[in-house]
Amino acid sequence: MSETDTRAGTTAVTDDDDKPLLKVEGLVKHFPIKKGLLQRQVGAVKAVDGIDFEVRRGETLGVVGESGCGKSTMGRLITRLLEPSGGKIEFDGTDITHLGTSGMRPFRRDVQMIFQDPYGSLNPRHTIGTIVSAPFRLQGVEPEGGVKQEVQRLLELVGLSPEHYNRYPHEFSGGQRQRIGIARALALKPRMVVADEPVSALDVSIQAQVVNLMDDLQDELGLTYVIIAHDLSVVRHVSDRIAVMYLGKIVELADRGSLYASPMHPYTKALLSAVPIPDPRRRAAKSERILLRGDVPSPIAPPSGCRFHTRCWKATQICKSTEPPLIELRPGQRVACHHPENFEDQAPQDTVLLSAAKEAAALVADEVLAESAQTSAAVAAEKGPESSREGAETEAEASVEEAADSASKEPGGK
Ligand SMILES: Nc1ncnc2c1ncn2[C@@H]1O[C@H](COP(=O)(O)OP(=O)(O)OP(=O)(O)O)[C@@H](O)[C@H]1O
Ligand code: SF4
Ligand SMILES: [Mg+2]
(Lines give C-alpha, C1' and ligand atoms only; values in the text may rest on other atoms or scores of the structure.)
(Ligands and ions follow the chains in the order given, each with its own letter.)
Protein backbone atom coordinates (compact mmCIF):
# COMPACT_ATOMS: atom_id res chain seq x y z
CA MET A 1 0.00 0.00 0.00
CA SER A 2 2.36 2.61 -1.19
CA GLU A 3 -0.12 5.43 -0.69
CA THR A 4 -0.60 4.72 2.98
CA ASP A 5 3.07 3.99 3.55
CA THR A 6 3.85 7.59 2.80
CA ARG A 7 1.31 8.80 5.32
CA ALA A 8 2.57 9.88 8.69
CA GLY A 9 0.70 6.99 10.29
CA THR A 10 3.40 4.43 10.73
CA THR A 11 6.41 6.52 11.56
CA ALA A 12 5.12 10.10 11.86
CA VAL A 13 8.05 11.33 9.78
CA THR A 14 6.47 14.57 8.67
CA ASP A 15 4.57 15.34 11.85
CA ASP A 16 5.45 17.94 14.36
CA ASP A 17 5.96 15.61 17.33
CA ASP A 18 5.23 18.28 19.92
CA LYS A 19 1.70 18.89 18.72
CA PRO A 20 -0.93 16.46 20.00
CA LEU A 21 -2.47 14.08 17.47
CA LEU A 22 -5.94 14.74 18.86
CA LYS A 23 -7.08 17.85 20.68
CA VAL A 24 -10.50 18.13 22.25
CA GLU A 25 -11.92 21.36 23.66
CA GLY A 26 -15.22 21.79 25.51
CA LEU A 27 -16.66 18.65 23.91
CA VAL A 28 -20.39 18.21 24.58
CA LYS A 29 -22.93 15.55 23.65
CA HIS A 30 -26.49 15.97 24.88
CA PHE A 31 -29.01 13.36 23.74
CA PRO A 32 -32.43 15.05 23.55
CA ILE A 33 -35.37 13.51 25.40
CA LYS A 34 -38.57 13.97 23.41
CA LYS A 35 -42.14 13.42 24.51
CA GLY A 36 -45.71 13.64 23.27
CA LEU A 37 -47.27 13.62 19.83
CA LEU A 38 -45.28 16.63 18.73
CA GLN A 39 -42.06 15.08 20.03
CA ARG A 40 -41.19 18.23 21.94
CA GLN A 41 -37.82 18.19 23.64
CA VAL A 42 -38.38 17.98 27.40
CA GLY A 43 -34.80 17.51 28.52
CA ALA A 44 -31.47 16.00 27.59
CA VAL A 45 -29.12 13.24 28.69
CA LYS A 46 -25.89 15.11 29.31
CA ALA A 47 -23.67 12.19 28.38
CA VAL A 48 -20.54 14.26 27.75
CA ASP A 49 -20.70 17.73 29.20
CA GLY A 50 -17.68 19.84 28.37
CA ILE A 51 -14.42 17.93 28.36
CA ASP A 52 -10.92 19.04 27.36
CA PHE A 53 -8.00 16.73 26.71
CA GLU A 54 -5.40 15.87 24.15
CA VAL A 55 -3.90 12.62 22.92
CA ARG A 56 -0.19 12.72 22.21
CA ARG A 57 1.40 10.91 19.30
CA GLY A 58 2.29 7.31 20.09
CA GLU A 59 0.86 7.35 23.60
CA THR A 60 -1.87 5.29 25.21
CA LEU A 61 -4.49 7.36 26.97
CA GLY A 62 -6.63 5.29 29.33
CA VAL A 63 -10.16 6.55 30.06
CA VAL A 64 -11.87 5.16 33.16
CA GLY A 65 -15.07 5.74 35.07
CA GLU A 66 -18.22 4.03 36.29
CA SER A 67 -20.90 2.76 33.95
CA GLY A 68 -22.87 5.55 32.30
CA CYS A 69 -20.30 8.31 32.85
CA GLY A 70 -19.97 8.93 29.10
CA LYS A 71 -16.86 6.96 28.11
CA SER A 72 -18.34 5.26 25.04
CA THR A 73 -20.06 8.47 23.97
CA MET A 74 -16.69 10.23 24.19
CA GLY A 75 -15.10 7.42 22.10
CA ARG A 76 -17.82 7.68 19.47
CA LEU A 77 -17.48 11.45 19.36
CA ILE A 78 -13.74 11.48 18.75
CA THR A 79 -14.07 8.82 16.04
CA ARG A 80 -16.94 10.95 14.70
CA LEU A 81 -19.45 8.11 14.79
CA LEU A 82 -21.57 10.65 16.69
CA GLU A 83 -22.14 14.32 15.93
CA PRO A 84 -21.04 16.54 18.84
CA SER A 85 -23.55 19.00 20.34
CA GLY A 86 -20.75 21.43 21.11
CA GLY A 87 -17.02 21.92 21.45
CA LYS A 88 -14.18 21.21 19.06
CA ILE A 89 -12.24 18.14 17.90
CA GLU A 90 -8.95 18.64 16.08
CA PHE A 91 -7.16 15.69 14.50
CA ASP A 92 -3.58 16.41 13.51
CA GLY A 93 -4.31 20.12 13.34
CA THR A 94 -7.52 19.81 11.28
CA ASP A 95 -10.91 20.71 12.75
CA ILE A 96 -13.05 17.58 12.20
CA THR A 97 -15.87 18.55 14.60
CA HIS A 98 -18.63 18.85 12.03
CA LEU A 99 -17.18 17.25 8.90
CA GLY A 100 -19.74 15.38 6.80
CA THR A 101 -19.34 11.90 5.31
CA SER A 102 -17.16 12.97 2.40
CA GLY A 103 -15.10 15.38 4.51
CA MET A 104 -14.49 12.60 7.05
CA ARG A 105 -13.45 10.05 4.41
CA PRO A 106 -9.67 10.62 4.70
CA PHE A 107 -9.88 10.67 8.51
CA ARG A 108 -11.87 7.42 8.62
CA ARG A 109 -8.65 5.71 7.57
CA ASP A 110 -6.64 7.43 10.28
CA VAL A 111 -9.00 6.79 13.18
CA GLN A 112 -10.46 3.36 13.87
CA MET A 113 -12.45 1.84 16.67
CA ILE A 114 -12.32 -1.56 18.37
CA PHE A 115 -15.67 -2.42 19.92
CA GLN A 116 -16.43 -3.85 23.33
CA ASP A 117 -18.41 -6.89 22.34
CA PRO A 118 -16.49 -9.41 20.22
CA TYR A 119 -19.70 -11.44 19.81
CA GLY A 120 -22.04 -8.68 18.71
CA SER A 121 -19.60 -6.64 16.61
CA LEU A 122 -18.91 -9.27 13.91
CA ASN A 123 -21.64 -10.02 11.40
CA PRO A 124 -22.33 -13.77 11.87
CA ARG A 125 -23.37 -14.19 8.22
CA HIS A 126 -20.09 -12.89 6.81
CA THR A 127 -16.81 -14.79 6.53
CA ILE A 128 -13.74 -13.48 8.32
CA GLY A 129 -12.35 -12.51 4.90
CA THR A 130 -15.42 -10.36 4.16
CA ILE A 131 -15.35 -8.76 7.62
CA VAL A 132 -11.66 -7.84 7.65
CA SER A 133 -11.72 -6.64 4.03
CA ALA A 134 -14.78 -4.40 4.56
CA PRO A 135 -12.70 -1.25 5.23
CA PHE A 136 -10.91 -1.69 1.86
CA ARG A 137 -14.24 -1.95 0.04
CA LEU A 138 -15.73 1.01 1.88
CA GLN A 139 -12.75 3.23 1.24
CA GLY A 140 -12.16 1.96 -2.30
CA VAL A 141 -8.57 0.99 -1.43
CA GLU A 142 -6.75 -1.73 -3.38
CA PRO A 143 -3.76 -2.89 -1.36
CA GLU A 144 -0.60 -4.04 -3.11
CA GLY A 145 -0.86 -7.77 -3.82
CA GLY A 146 -4.68 -7.69 -3.58
CA VAL A 147 -7.22 -7.64 -0.80
CA LYS A 148 -7.08 -11.36 0.03
CA GLN A 149 -3.33 -11.37 0.50
CA GLU A 150 -3.48 -8.27 2.69
CA VAL A 151 -6.30 -9.69 4.83
CA GLN A 152 -4.32 -12.90 5.33
CA ARG A 153 -1.29 -10.84 6.35
CA LEU A 154 -3.45 -8.97 8.86
CA LEU A 155 -4.80 -12.25 10.26
CA GLU A 156 -1.24 -13.45 10.80
CA LEU A 157 -0.32 -10.13 12.37
CA VAL A 158 -2.96 -10.59 15.05
CA GLY A 159 -1.96 -14.19 15.72
CA LEU A 160 -4.57 -15.98 13.60
CA SER A 161 -4.02 -18.27 10.63
CA PRO A 162 -4.44 -17.08 7.02
CA GLU A 163 -6.59 -20.19 6.57
CA HIS A 164 -9.25 -18.60 8.75
CA TYR A 165 -10.16 -16.40 5.76
CA ASN A 166 -13.20 -18.46 4.75
CA ARG A 167 -14.45 -19.29 8.24
CA TYR A 168 -17.39 -17.69 10.08
CA PRO A 169 -17.34 -15.81 13.42
CA HIS A 170 -19.21 -18.55 15.31
CA GLU A 171 -16.24 -20.87 14.78
CA PHE A 172 -14.05 -18.66 16.97
CA SER A 173 -13.66 -18.06 20.68
CA GLY A 174 -14.17 -14.62 22.26
CA GLY A 175 -10.44 -13.87 22.30
CA GLN A 176 -10.06 -14.91 18.65
CA ARG A 177 -13.04 -12.77 17.67
CA GLN A 178 -11.50 -9.78 19.37
CA ARG A 179 -8.34 -10.45 17.32
CA ILE A 180 -10.51 -10.38 14.18
CA GLY A 181 -11.96 -7.03 15.33
CA ILE A 182 -8.40 -5.75 15.83
CA ALA A 183 -7.36 -6.96 12.35
CA ARG A 184 -10.33 -5.10 10.86
CA ALA A 185 -9.43 -1.95 12.78
CA LEU A 186 -5.83 -2.13 11.53
CA ALA A 187 -6.69 -2.81 7.87
CA LEU A 188 -6.27 0.78 6.69
CA LYS A 189 -3.13 1.43 8.76
CA PRO A 190 -4.80 3.88 11.13
CA ARG A 191 -2.84 6.35 13.20
CA MET A 192 -5.17 6.33 16.17
CA VAL A 193 -7.22 3.43 17.52
CA VAL A 194 -10.00 3.97 20.04
CA ALA A 195 -10.65 0.72 21.89
CA ASP A 196 -13.91 0.69 23.85
CA GLU A 197 -13.61 -1.88 26.65
CA PRO A 198 -11.55 -4.15 24.33
CA VAL A 199 -11.17 -6.98 26.82
CA SER A 200 -13.97 -6.66 29.33
CA ALA A 201 -16.11 -9.33 27.61
CA LEU A 202 -13.23 -11.83 27.68
CA ASP A 203 -12.06 -14.37 30.26
CA VAL A 204 -9.35 -13.02 32.54
CA SER A 205 -6.77 -15.44 31.06
CA ILE A 206 -7.52 -14.21 27.52
CA GLN A 207 -7.58 -10.54 28.54
CA ALA A 208 -3.81 -10.51 29.09
CA GLN A 209 -3.17 -12.06 25.64
CA VAL A 210 -5.27 -9.44 23.85
CA VAL A 211 -3.74 -6.58 25.88
CA ASN A 212 -0.24 -7.87 25.04
CA LEU A 213 -1.16 -8.15 21.37
CA MET A 214 -2.37 -4.54 21.34
CA ASP A 215 0.84 -3.51 23.06
CA ASP A 216 3.02 -5.31 20.48
CA LEU A 217 1.03 -3.83 17.60
CA GLN A 218 1.48 -0.36 19.06
CA ASP A 219 5.28 -0.79 19.06
CA GLU A 220 5.31 -2.35 15.62
CA LEU A 221 2.95 0.07 13.88
CA GLY A 222 3.54 3.27 15.87
CA LEU A 223 -0.13 3.43 16.89
CA THR A 224 -1.73 5.93 19.24
CA TYR A 225 -4.37 4.41 21.52
CA VAL A 226 -7.31 5.64 23.50
CA ILE A 227 -8.35 2.72 25.69
CA ILE A 228 -11.67 2.91 27.49
CA ALA A 229 -12.31 0.77 30.56
CA HIS A 230 -14.64 0.90 33.54
CA ASP A 231 -11.98 0.19 36.12
CA LEU A 232 -8.39 1.09 36.73
CA SER A 233 -7.01 -2.45 36.79
CA VAL A 234 -7.30 -2.91 33.00
CA VAL A 235 -5.62 0.35 32.02
CA ARG A 236 -3.02 0.11 34.77
CA HIS A 237 -0.35 -1.66 32.69
CA VAL A 238 -0.98 -0.18 29.28
CA SER A 239 -1.63 3.54 29.73
CA ASP A 240 0.88 6.36 29.66
CA ARG A 241 -1.72 8.80 30.93
CA ILE A 242 -5.14 8.25 32.42
CA ALA A 243 -8.31 10.37 32.31
CA VAL A 244 -10.86 9.70 35.03
CA MET A 245 -14.46 10.53 34.05
CA TYR A 246 -17.43 11.14 36.30
CA LEU A 247 -20.90 11.98 35.02
CA GLY A 248 -19.86 13.48 31.68
CA LYS A 249 -16.80 15.32 32.99
CA ILE A 250 -13.08 14.60 33.28
CA VAL A 251 -12.25 14.98 36.97
CA GLU A 252 -8.57 14.03 36.84
CA LEU A 253 -6.05 13.62 34.03
CA ALA A 254 -2.53 12.57 34.91
CA ASP A 255 0.50 10.46 34.07
CA ARG A 256 -0.02 6.91 35.17
CA GLY A 257 2.77 7.11 37.75
CA SER A 258 1.42 10.25 39.42
CA LEU A 259 -2.13 8.96 39.38
CA TYR A 260 -1.25 5.71 41.11
CA ALA A 261 1.32 7.19 43.49
CA SER A 262 -0.78 10.14 44.64
CA PRO A 263 -4.28 10.52 43.22
CA MET A 264 -5.61 14.02 43.81
CA HIS A 265 -9.31 13.73 43.09
CA PRO A 266 -11.31 11.97 45.81
CA TYR A 267 -13.16 9.96 43.14
CA THR A 268 -9.86 8.67 41.70
CA LYS A 269 -8.83 7.73 45.22
CA ALA A 270 -12.06 5.80 45.68
CA LEU A 271 -11.65 4.01 42.33
CA LEU A 272 -8.04 3.14 43.15
CA SER A 273 -8.91 1.83 46.55
CA ALA A 274 -11.20 -0.72 44.88
CA VAL A 275 -8.36 -2.09 42.70
CA PRO A 276 -6.83 -5.26 44.15
CA ILE A 277 -3.16 -4.77 45.03
CA PRO A 278 -1.07 -7.64 43.67
CA ASP A 279 2.02 -6.94 45.79
CA PRO A 280 1.45 -8.40 49.32
CA ARG A 281 3.88 -5.93 50.94
CA ARG A 282 2.00 -2.93 49.52
CA ARG A 283 -1.30 -4.59 50.34
CA ALA A 284 -0.36 -4.62 54.01
CA ALA A 285 0.61 -0.95 53.91
CA LYS A 286 -2.82 0.13 52.69
CA SER A 287 -4.82 1.22 55.69
CA GLU A 288 -8.21 2.23 54.38
CA ARG A 289 -10.46 1.70 51.43
CA ILE A 290 -13.34 3.81 50.28
CA LEU A 291 -16.63 2.29 49.33
CA LEU A 292 -18.85 4.57 47.31
CA ARG A 293 -22.46 3.89 48.14
CA GLY A 294 -25.34 4.38 45.75
CA ASP A 295 -25.44 4.85 42.00
CA VAL A 296 -24.02 7.58 39.85
CA PRO A 297 -26.66 10.38 39.77
CA SER A 298 -28.71 10.81 36.59
CA PRO A 299 -26.96 12.59 33.72
CA ILE A 300 -30.32 14.19 32.88
CA ALA A 301 -30.09 16.43 35.96
CA PRO A 302 -26.53 16.21 37.29
CA PRO A 303 -25.84 17.61 40.78
CA SER A 304 -24.96 21.31 41.02
CA GLY A 305 -21.40 22.50 41.54
CA CYS A 306 -19.04 19.54 41.69
CA ARG A 307 -21.02 16.62 40.31
CA PHE A 308 -19.35 14.26 42.77
CA HIS A 309 -20.55 16.22 45.82
CA THR A 310 -23.46 13.87 46.55
CA ARG A 311 -21.03 10.97 47.11
CA CYS A 312 -17.88 12.73 48.27
CA TRP A 313 -16.85 12.40 51.91
CA LYS A 314 -14.93 15.69 51.67
CA ALA A 315 -17.78 17.77 50.25
CA THR A 316 -18.39 21.26 51.62
CA GLN A 317 -20.83 24.02 50.72
CA ILE A 318 -18.60 25.41 47.97
CA CYS A 319 -18.61 21.97 46.32
CA LYS A 320 -22.39 22.18 46.10
CA SER A 321 -22.48 25.66 44.60
CA THR A 322 -19.35 26.08 42.48
CA GLU A 323 -18.05 23.74 39.82
CA PRO A 324 -14.30 23.23 40.27
CA PRO A 325 -12.37 23.76 37.02
CA LEU A 326 -9.92 21.13 35.75
CA ILE A 327 -6.60 22.78 36.52
CA GLU A 328 -2.98 21.65 36.58
CA LEU A 329 -2.14 21.41 40.27
CA ARG A 330 1.11 19.53 39.73
CA PRO A 331 3.11 19.20 36.51
CA GLY A 332 1.26 16.71 34.32
CA GLN A 333 -1.62 16.32 36.78
CA ARG A 334 -4.90 18.13 36.16
CA VAL A 335 -7.61 17.92 38.78
CA ALA A 336 -11.11 19.36 39.26
CA CYS A 337 -11.56 19.59 43.02
CA HIS A 338 -11.83 22.27 45.72
CA HIS A 339 -10.25 20.02 48.36
CA PRO A 340 -7.79 17.78 46.51
CA GLU A 341 -5.99 14.88 48.11
CA ASN A 342 -2.21 15.07 48.56
CA PHE A 343 -2.24 18.83 48.01
CA GLU A 344 -3.08 22.06 49.76
CA ASP A 345 -6.77 22.75 50.12
CA GLN A 346 -8.17 25.06 47.43
CA ALA A 347 -10.99 26.30 49.67
CA PRO A 348 -9.73 25.98 53.27
CA GLN A 349 -12.17 28.59 54.58
CA ASP A 350 -15.12 26.45 53.59
CA THR A 351 -15.40 23.90 56.33
CA VAL A 352 -19.07 22.98 56.52
CA LEU A 353 -19.24 19.34 55.62
CA LEU A 354 -22.31 18.07 53.84
CA SER A 355 -23.49 15.28 56.08
CA ALA A 356 -25.49 13.56 53.30
CA ALA A 357 -22.36 13.32 51.21
CA LYS A 358 -20.39 12.00 54.15
CA GLU A 359 -22.92 9.23 54.55
CA ALA A 360 -22.73 8.34 50.85
CA ALA A 361 -19.16 7.11 51.18
CA ALA A 362 -17.73 4.92 53.85
CA LEU A 363 -14.13 4.51 54.86
CA VAL A 364 -13.72 0.83 55.39
CA ALA A 365 -10.88 -0.76 57.31
CA ASP A 366 -8.98 -3.59 55.63
CA GLU A 367 -10.04 -6.11 58.31
CA VAL A 368 -13.70 -5.43 57.55
CA LEU A 369 -13.10 -5.89 53.83
CA ALA A 370 -11.18 -9.11 54.43
CA GLU A 371 -14.03 -10.41 56.53
CA SER A 372 -16.58 -9.55 53.86
CA ALA A 373 -14.41 -11.25 51.18
CA GLN A 374 -14.31 -14.39 53.32
CA THR A 375 -18.09 -14.30 53.68
CA SER A 376 -18.62 -13.98 49.91
CA ALA A 377 -16.18 -16.82 49.27
CA ALA A 378 -18.06 -18.98 51.76
CA VAL A 379 -21.42 -18.14 50.17
CA ALA A 380 -20.05 -18.96 46.71
CA ALA A 381 -18.67 -22.28 47.97
CA GLU A 382 -22.02 -23.14 49.53
CA LYS A 383 -23.96 -22.38 46.35
CA GLY A 384 -21.62 -24.75 44.52
CA PRO A 385 -20.62 -24.84 40.87
CA GLU A 386 -24.24 -25.30 39.69
CA SER A 387 -25.17 -21.65 40.09
CA SER A 388 -22.15 -20.29 38.22
CA ARG A 389 -22.70 -22.72 35.34
CA GLU A 390 -26.29 -21.56 35.07
CA GLY A 391 -25.07 -17.96 34.80
CA ALA A 392 -22.54 -18.85 32.12
CA GLU A 393 -25.19 -20.52 29.98
CA THR A 394 -27.51 -17.54 30.19
CA GLU A 395 -24.66 -15.25 29.24
CA ALA A 396 -23.72 -17.41 26.24
CA GLU A 397 -27.32 -17.42 25.04
CA ALA A 398 -27.52 -13.67 25.36
CA SER A 399 -24.34 -13.28 23.30
CA VAL A 400 -25.72 -15.44 20.49
CA GLU A 401 -28.91 -13.41 20.49
CA GLU A 402 -26.95 -10.19 20.39
CA ALA A 403 -24.84 -11.47 17.53
CA ALA A 404 -27.95 -12.38 15.53
CA ASP A 405 -29.46 -9.02 16.39
CA SER A 406 -26.42 -7.20 15.12
CA ALA A 407 -26.43 -8.99 11.76
CA SER A 408 -27.49 -5.82 10.02
CA LYS A 409 -25.27 -3.38 11.89
CA GLU A 410 -21.71 -4.47 11.56
CA PRO A 411 -19.68 -1.48 12.84
CA GLY A 412 -17.07 -1.84 10.13
CA GLY A 413 -19.82 -1.10 7.68
CA LYS A 414 -20.71 2.26 9.23
N1 LIG B 1 -28.04 7.20 21.83
C2 LIG B 1 -28.32 7.57 23.06
N3 LIG B 1 -29.49 8.19 23.37
C4 LIG B 1 -29.77 8.61 24.61
N5 LIG B 1 -28.94 8.44 25.67
C6 LIG B 1 -27.78 7.83 25.44
C7 LIG B 1 -27.40 7.35 24.14
N8 LIG B 1 -26.17 6.78 24.22
C9 LIG B 1 -25.79 6.89 25.52
N10 LIG B 1 -26.76 7.51 26.25
C11 LIG B 1 -26.71 7.83 27.68
O12 LIG B 1 -25.55 8.60 27.90
C13 LIG B 1 -24.95 8.26 29.14
C14 LIG B 1 -23.51 7.84 28.89
O15 LIG B 1 -23.52 6.62 28.17
P16 LIG B 1 -22.19 5.87 27.72
O17 LIG B 1 -22.59 4.66 26.97
O18 LIG B 1 -21.31 6.84 27.05
O19 LIG B 1 -21.56 5.47 29.13
P20 LIG B 1 -20.30 4.53 29.45
O21 LIG B 1 -19.42 5.32 30.37
O22 LIG B 1 -19.70 4.04 28.19
O23 LIG B 1 -20.96 3.35 30.26
P24 LIG B 1 -20.58 1.78 30.27
O25 LIG B 1 -19.38 1.65 31.17
O26 LIG B 1 -21.80 1.15 30.86
O27 LIG B 1 -20.32 1.36 28.86
C28 LIG B 1 -25.80 7.14 29.74
O29 LIG B 1 -26.68 7.72 30.65
C30 LIG B 1 -26.55 6.60 28.55
O31 LIG B 1 -27.79 6.09 28.94
S1 SF4 C 1 -14.05 17.77 47.72
FE2 SF4 C 1 -15.68 18.89 46.76
S3 SF4 C 1 -14.89 19.48 44.77
FE4 SF4 C 1 -13.59 17.85 45.55
S5 SF4 C 1 -14.48 16.01 44.69
FE6 SF4 C 1 -15.35 16.28 46.74
S7 SF4 C 1 -17.23 17.35 46.32
FE8 SF4 C 1 -15.99 17.58 44.50
MG1 LIG D 1 -19.46 2.14 27.36
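Helix 2 is largely enclosed by the rest of the structure, because seven of its eight residues are buried. In this predicted model, the buried set consists of Lys 71, Ser 72, Thr 73, Met 74, Gly 75, Leu 77 and Ile 78. Burial here requires 20 or more other C-beta atoms within 10 Å of a residue's own. Arg 80 follows helix 2. The phi angle of Arg 80 is positive, near 60 degrees.

Helix 2 also takes part in the surroundings of ligand 1. The shell around this ligand holds 13 residues. Helix 2 (71-78) and strand 2 (40-55) each contribute at least two of them. The largest share, three residues, belongs to helix 2. Phe 31, Ala 47, Ser 67, Ser 72 and Thr 73 are the closest to ligand 1. Two of these names, Ser 72 and Thr 73, recur among the buried residues of helix 2. By residue class, the shell comprises seven polar, five nonpolar and one charged.

Ligand 2 is likewise surrounded by 13 residues. Those that come nearest are Cys 306, His 309, Cys 312, Cys 319 and Cys 337. The shell around ligand 2 divides into eight nonpolar residues, four polar and one charged.

An open sheet of eight strands was identified, with mixed pairing and the order 6-7-8-3-9-10-13-12. Its edges are formed by strand 6 (111-114) and strand 12 (327-330), each of which pairs on one side only. From one strand to the next, the twist averages 25 degrees. Within the sheet, strand 3 (residues 60-64) and strand 8 (residues 224-229) run parallel. Five bridges join this pair. Leu 61 is placed opposite Val 226 of strand 8. Helix 6 (residues 174-186) lies across strand 6 and strand 7 (192-196). The angle between helix 6 and strand 6 is about 170 degrees.

The largest nonpolar core contains 86 residues. Val 132, Ala 183, Val 226, Ala 243, Val 244 and Ile 250 have the most contacts inside this core. Val 226 is also the residue that Leu 61 faces in strand 8. For Ala 243, neighbours within four places in sequence were left aside. The remaining contacts of Ala 243 are Phe 53, Leu 61, Val 63, Ile 250 and Leu 253. Leu 61 thus appears twice, as a contact of Ala 243 and as the residue opposite Val 226.

Terms used: Residues numbered from 1 in each chain as written. Chains lettered and ligands numbered in written order. Predicted model: local features only at pLDDT ≥ 70, side-chain atom pairs only at ≥ 80, totals over all residues. Near = placed C-beta within 6 Å. Helix = DSSP H or I, 4+ residues; strand = E, 2+ residues; numbered from the N terminus. Nonpolar A, V, L, I, M, F, W, Y, C, P; charged D, E, K, R; others polar. Buried ≥ 20, exposed ≤ 12 C-beta atoms within 10 Å, placed from the backbone. Pairing = 2+ DSSP bridges. Axes fitted to C-alpha atoms, helices over the stretch in contact; angles between N-to-C directions. Contact = placed C-beta atoms within 7 Å. Core = buried A, V, L, I, M, F, W, Y, C linked by C-beta atoms within 7 Å.
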